[in-house]
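Please look over the model shown here with attention to its aromatic rings and to a few residues of interest.

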Amino acid sequence: GEGAQSSPRTRCLRVRDDTAAMKKSWEDETYPWDQDIVAMEDYSQETFGQRMRRKFKENPFIMIGCFATVGAFVGGLNAFRKGDKRMSQVMMRYRVMFQMGTVTIFGLEFARRRYFPPAPRPS
């Protein structure tokens, strides 16, 4: 009879149970990108200088782009303060160019890490 048939609610609960079991089996496996997540917890104790050195080693182009952007900005402000409008405009154009390059490199690095995770570290 009717007791043998499962109701829609029971079927939903079974699907949820299967999903929980699958999720549990997925959590037991380790993937290369999981190691980065674990490693991030170790970064909580690093100082500002240690973090800057680590970030520079991970991708020096982003840091170089940031410094170039700030340098062009400061140079443009300095030229503006001295009254050299032409040099100020040139430096601000350089700032925009460096900033665009830095954002592009940042986006490419994000995509690289997202779609091509780093290889597992040897243990």
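The report below takes up ring pairing, a charge over a ring, and the surroundings of selected residues.

The model is a predicted one, and the count of aromatic pairs in this model comes to one. The rings of Tyr 94 and Phe 98 have centres 6.2 Å apart and planes at 20°, and because planes under 30 degrees apart count as stacked, this pair is described as stacked. Both residues belong to helix H5, which covers residues 85–115, and they are four residues apart, or about one turn of the helix.

Helix H5 also holds Ser 88 and Thr 104. The accessibility of these residues is set out in the table.

| Residue | Relative accessible area | Class |
|---|---|---|
| Ser 88 | 8% | buried |
| Phe 98 | 32% | partly exposed |
| Tyr 94 | 40% | partly exposed |
| Thr 104 | 43% | partly exposed |

Ser 88, at 8% relative accessibility, is classed as buried because the cut-off for that class is under 20%. When residues up to four places away in sequence are not counted, Ser 88 is in contact with Gly 76, Ala 79 and Phe 80.

Thr 104, by contrast in class, is partly exposed at 43%, and its C-alpha atom is separated by 9.3 Å from that of Ile 62, a residue 42 residues apart from Thr 104 along the chain.

A further arrangement concerns a charge and a ring: Arg 114 lies over the face of Tyr 115, at 5.5 Å from the ring centre.

Key. Residues numbered from 1 in each chain as written. Predicted model: local features only at pLDDT ≥ 70, side-chain atom pairs only at ≥ 80, totals over all residues. Heavy atoms only, no water. Phe/Tyr/Trp six-rings, centres within 6.5 Å; stacked < 30°, edge-to-face > 60°. Helix = DSSP H or I, 4+ residues; strand = E, 2+ residues; numbered from the N terminus. Buried < 20%, exposed > 50% of the residue type's maximum accessible area, 1.4 Å probe, protein only. Lys NZ or Arg CZ within 6 Å of the ring centre and 35° of its normal. Contact = heavy atoms within 4.5 Å.
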